[in-house]
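User: I have a model of this chain open at the bench. Please take one part of it and walk me through it closely, then set it in the context of the whole.

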Amino acid sequence: MKEVDFLIIGQGIAGTLLAWFLEKEGKAVAVADAFSPHAASQVAAGIINPITGRRYVKSWRVDELIPSAVQAYAELSEVFGKPFFHELPIIRTLFNRGEENDWLSRTGDPAYAPYMKEQARLGEYALHTVLAYSYGEVLKGGQADLPGLTGAYREKLRAEGRLIEGDVRYDALEVGTAGVAYEGWRAGQVVFAEGHRGASNPFFNYLPYGGAKGEVLIVRIPGVQFSKILKHRVFIVPLPVPETYWVGATYGWKFEDEKPTASGGAFLRQRLEEVLSHPFEVLSHKAAVRPTVKDRRPFLGRHPEISRFALFNGLGTKGASLGPFWAHHLAQHLCYGAPLDPEVDISRFG
Ligand SMILES: Cc1cc2nc3c(=O)[nH]c(=O)nc-3n(C[C@H](O)[C@H](O)[C@H](O)COP(=O)(O)OP(=O)(O)OC[C@H]3O[C@@H](n4cnc5c(N)ncnc54)[C@H](O)[C@@H]3O)c2cc1C
């Protein structure tokens with residue numbers, strides 16, 4: 001038997017960050033994962049956007065989440081020698097005078113001042129897009145490279161013999177007095193970080209999971225190098241490869257599977273044609289399901305009856321910003337019994 005303190009099931013951004021924070025506490029960690037290109041962390045742009053919605057409000061707990069995310073991604077970038085976070089301004093299209101007025105009144109609020117600029121500098125967007133009524137600019141946001149980070153971590157786990165590849169069979173997890181045994185491993189604690197697939201985990205399927213499918217396009221815009229993110233109905237996000245952009249996303253609450261659809265692709269293509277005044281080429285079309293939760297708060301905590309099982313899920317539409325803060329929070333709880341914030345504690349569901 002190979003003994004570890006923690007076995008994490010699922011190596012998307014949730015499982016990866018939790019492994020990192022547990023290892024920082026000196027814990028022995030193994031991770032089991034069935035890699036899928038249709039997992040949310042492989043499809044997401046990883047946008048961190050402090051100002052969201054039609055009313056331009058600060059996203060939930062953003063003042064704590066962003067510093068925590070920036071620090072965690074910086075440390076991981078240092079460890080792997082690759083940049084996993086790019087701070088990028090987000091230009092937000094304001095379609096009419098009402099939206100512009102709302103934007104301007106928000107920028108006057110001191111709590112919003114660090115995150116919003118009255119007017120945007122469009123840069124290359126001024127040359128290659130159909131100009132709209134007006135624009136605002138969001139600061140302190142950016143893009144976390146979730147596929148890059150999870151990929152680098154997977155290689156590290158594999159090289160260190162701590163990656164168990166393939167689907168975990170729930171009926172093969174044997175809970176005993178000495179720990180949980182699984183295929184030659186024994187762990188003191190198992191943490192499920194399975195993204196939307198967690199909805200069918202028999203130990204935690206009593207929780208109110210949602211699930212929102214999203215489709216995206218990866219496009220090349222020849223001769224054009226945007227240096228900021230643009231939100232103009234859809235997001236256009238510069239990728240590290242020159243002239244290449246992530247464009248998305250759709251939201252679907254009713255879906256048959258996690259595969260791209262013709263209608264999703266056509267919708268995104270049309271949105272891009274509306275905003276770009278420049279031809280583009282679609283390089284790929286991807287889809288995944290976001291692990292959303294009915295009350296829009298993450299799921300953290302131990303199983304109410306099987307205390308050797310715990311959960312880290314429900315990062316919803318914001319895994320890039322929520323992941324670091326809540327992975328650290330859960331690691332402190334699991335290692336030292338630090339109290340869980342009631343807003344994210346799964347005991348809120350009785
Ligand atoms: C189209 C789209 C765009 C998005 N854009 C953004 C964005 O810009 N910014 C942002 O912050 N968030 C974004 N998100 C949300 C973000 O992707 C998620 O919040 C985050 O990736 C969830 O990570 P996770 O680790 O919980 O789940 P996942 O990424 O789904 O990872 C779960 C992993 O566990 C594995 N797994 C599951 N069950 C088992 C099992 N039983 N055995 C073995 N392995 C298992 C899966 O194969 C997978 O590898 C987007 C999501 C989508 C779909």
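**The sheets and what surrounds them**

User: In β10, what is the bridge partner of Ile47? Start there, and work outward through the sheets.

Analyst: The partner of Ile47 is Gln143 in β10. Keep in mind that this is a predicted model.

That pairing belongs to a contact between two strands. β3 and β10 (residues 142-144) run antiparallel and are joined by two bridges. They sit in an open sheet of three strands, ordered β3-β10-β6, with antiparallel pairing. The edges are β3 (47-48) and β6 (85-87). Each has a single partner strand, so one side of each has no neighbour in the sheet.

Just ahead of β10 comes a loop worth a look. Lys140 lies in the loop between β9 (134-138) and β10. Its phi is near 65°, a positive value in a residue other than glycine. Most residues other than glycine have a negative phi, and most peptide bonds are trans. Lys140 counts as partly exposed, because its relative accessibility is 41%.

Now follow β9 into the other open sheet. This one has eight strands, in the order β8-β9-β7-β16-β17-β18-β15-β19, and its pairing is mixed. Its edge strands are β8 (116-117) and β19 (281-290), each of which pairs on one side only.

Inside that order, look at β16 and β17. Strand β16 covers residues 229-232 and strand β17 covers residues 234-238. Three bridges pair them in the antiparallel sense. Lys231 stands opposite Phe235 in β17.

A helix packs across this part of the sheet. Helix α7 (residues 262-275) lies across β15 (212-220), β16, β17, β18 (244-248) and β19. It runs at about 50° to β15.

The loop between β18 and α7 holds Ala249. The peptide bond joining Gly248 and Ala249 is cis, with omega about 5°. Check that bond when you step from the strand into the loop.

Past the edge strand β19 there is another backbone exception. Arg296 sits in the loop between β19 and β20 (299-302). Arg296 is not a glycine, yet its phi is positive, at about 60°. Its relative accessible area is 69%, so Arg296 is exposed. Set that against Lys140, which is partly exposed at 41%.

For contrast, go back towards the start of the chain. Strand β1 (residues 2-9) and β2 run parallel, joined by four bridges. Ile8 stands opposite Val31 in β2. Strand β2 covers residues 29-33, and five of its five residues are buried, so the rest of the structure largely encloses it. Both faces of β2 are covered. One side carries Val29, Val31 and Asp33, the other Ala30 and Ala32, and all are buried. Note Asp33 among them.

Then jump to the far end of the sequence. Gly323 lies in helix α8 (residues 319-336). Its relative accessibility is 0%, so Gly323 counts as buried, the cut-off being under 20%. Which residues does Gly323 touch, leaving aside its neighbours within four places in sequence? They are Leu17, Phe312, Leu315 and Lys318. Glu100 is a useful distance marker for the same glycine. Gly323 and Glu100 are 223 residues apart in sequence and 32 Å apart in space, C-alpha to C-alpha.

Last, the whole chain. It has eight helices and 21 strands. Its radius of gyration is 21 Å, close to the 20 Å that the globule rule gives for 350 residues, so the chain is as compact as a globular protein of that length. Along its principal axes the C-alpha trace spans about 65 × 40 × 40 Å. Buried residues make up 51% of the 350. Among contacts between residues at least 6 apart in sequence, 74% join residues at least 24 apart. The exposed area is about 15500 Å², with carbon and sulfur atoms supplying 52% of it.

A record adds a label. The unreviewed UniProt entry annotates residues 5-332 as "domain: FAD dependent oxidoreductase". Over residues 5-332 the chain is 28% helix and 29% strand. The end C-alpha atoms of that stretch are 14 Å apart.

Conventions. Residues numbered from 1 in each chain as written. Predicted model: local features only at pLDDT ≥ 70, side-chain atom pairs only at ≥ 80, totals over all residues. Heavy atoms only, no water. Pairing = 2+ DSSP bridges. Contact = heavy atoms within 4.5 Å. Axes fitted to C-alpha atoms, helices over the stretch in contact; angles between N-to-C directions. Rg over C-alpha atoms; globule rule 2.2 N^0.38 Å. Buried < 20%, exposed > 50% of the residue type's maximum accessible area, 1.4 Å probe, protein only. Areas by Shrake-Rupley, 256 points an atom, 1.4 Å probe, with all protein chains shown as cover. UniProt positions renumbered as here; feature names shortened; annotations may be inferred.
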